[in-house]
Amino acid sequence: MHLARVSAFKSAAMSAFAPASCAQAARRPRATPAPKARDARVPHRSALQFSRRSTIASARRGAAAAAAAEDAPKKVLVPVADGTEEIEAVTVIDVLRRAGAEVVVMSVEDGRNEVVCSRGVRLVADANVKELAGRGAPSDWDLIAVPGGMPGAEHIADHVKFHAVLEKHFRAGKLMAAICAAPAICFEPKGFLEGYAATAHPNFVDELGGSLLEKNIYKECRVVVDTQIVTSRGPGTSMEWALCLVEQLYGSKKAREVAAPMVVQPANARLRQNLEWRLDETPLE
């Protein structure tokens, strides 16, 4: 009997205190968890935004630099000598300047800028080979175009300092051009035509022996473009040769823009081979 009363008392006491304990527990504020330390490897949002802005600005600067480089005039070197073919020299100089190229005419006659061409026409070059060849000479030419004529082509080919300029340009894979006797006299002996399709003046075309036999089908074409090598036949093809070089430097549209006001005869002849070049006759808009 006594044990039953004690048990009942304990039960009543527990029932009395239980709700209060629950209420107190409900009212007790929960502990705020301590903030986790930021992983040093994860950049802050502001840092990401700054990085993104920097990337965009860098890309814009790169695009602007590329656009400026694209708009900059192409630099062209045209060597001349006593005996150079005047039609070929003057034509390529004139046409490329009409296209907006910065053409530098260089005399390979040491100490003399004036040359006497193959038909007695006198040309005064912009500079002498002593200024543009050798140590410290510019090498940023986009194109070197060599006119033909005899003995002008021989004088150009035999100049030791200019040979180094040509060699460096060729090894860099840049655009090179020759016409008339120059492909056979100036390019072929130096190995510049080895494996390339090429043409030359009818009196010199058989000297293009270093080219692959399968490329010889192009030797009677008026203008031949094979990768970075552009060759042509003589004074009568010099206009096509020069316009082809405009196209290589600036694109087909620019070549047609330059050709249109000069009333260049349309090239209606059928192409003999797929590497032979013809001026695009699509009407300009």
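**Strands, rings and charges in a predicted model**

In this predicted model, strand β7 (residues 175-179) pairs with β9 in the parallel sense, over four bridges. Within that pairing, Ala-178 stands opposite Thr-231 of β9. Strand β9 also has a partner in β8 (residues 223-226). Here the sense is antiparallel, again over four bridges. Val-223 stands opposite Ser-232 of β9. β8 and β9 form a hairpin, with two residues between them. Thr-227 sits in the turn and has a positive phi of about 60 degrees.

Now look at the faces of β9 (residues 229-232). In a regular strand, side chains alternate between the two faces of the sheet. Ile-229 and Thr-231 lie on one side of β9, Val-230 and Ser-232 on the other. These four residues are all buried, so both faces of the strand are covered.

Next, the rings. The structure holds two aromatic pairs. One of them joins Phe-187 and Phe-192, with 5.7 Å centre to centre and 75 degrees between the planes. That angle makes the pair edge-to-face, because the class begins over 60 degrees. Phe-187 and Phe-192 are both buried. Ring pairs link Phe-170, Phe-187 and Phe-192 into a cluster. Another ring meets a charge: Lys-75 lies over the face of Trp-141, 5.2 Å from the ring centre.

Charged side chains come next. Side chains of opposite charge can pair when their charged atoms come close. The count comes to 10 salt bridges. One of them joins Arg-112 and Asp-82, whose closest N and O atoms are 2.8 Å apart. This pair links distant parts of the chain, 30 residues apart. Arg-112 is in the loop between β2 (102-107) and β3 (114-116), while Asp-82 is in the loop between β1 (75-80) and α3 (86-98). Arg-112 also meets Glu-109 in a salt bridge, at 3.6 Å from N to O. Asp-82, Glu-109 and Arg-112 are thus linked in a network. Glu-109 is buried, at 13% relative accessible area. Arg-112 is partly exposed, at 33%.

Helix α6 (residues 160-171) holds another charged pair, Glu-167 and Arg-171. They lie four residues apart, about one turn of the helix. Their closest N and O atoms are 2.6 Å apart. Arg-171 has 59% relative accessibility, so this residue counts as exposed.

How far can the coordinates be trusted? The chain averages a pLDDT of 83, and 74% of the residues score at least 70. Over residues 12-26 the pLDDT is below 50, and this stretch has zero contacts beyond near neighbours in sequence. Where pLDDT is low, the predicted coordinates should not be read in detail.

Definitions and conventions. Residues are numbered from 1 along each chain as its sequence is written. This is a predicted model: local features need pLDDT of at least 70, side-chain atom pairs count only at pLDDT 80 or more; totals for chains, interfaces and linings use all residues. Side-chain values use heavy atoms; hydrogens and water are left out. pLDDT is the predictor's confidence in each residue, from 0 to 100. Contact means heavy atoms within 4.5 Å. Buried means under 20% relative accessible area, exposed over 50%, partly exposed in between (1.4 Å probe, protein chains only). Two strands pair if DSSP finds at least two bridges between them. Rings of Phe, Tyr and Trp (its six-membered ring) pair if their centres lie within 6.5 Å; planes under 30 degrees apart count as stacked, over 60 as edge-to-face and the rest as tilted. A charge sits over a ring if NZ of Lys or CZ of Arg is within 6 Å of the ring centre and within 35 degrees of the ring normal. A salt bridge is a side-chain nitrogen of Lys or Arg within 4 Å of a carboxyl oxygen of Asp or Glu.
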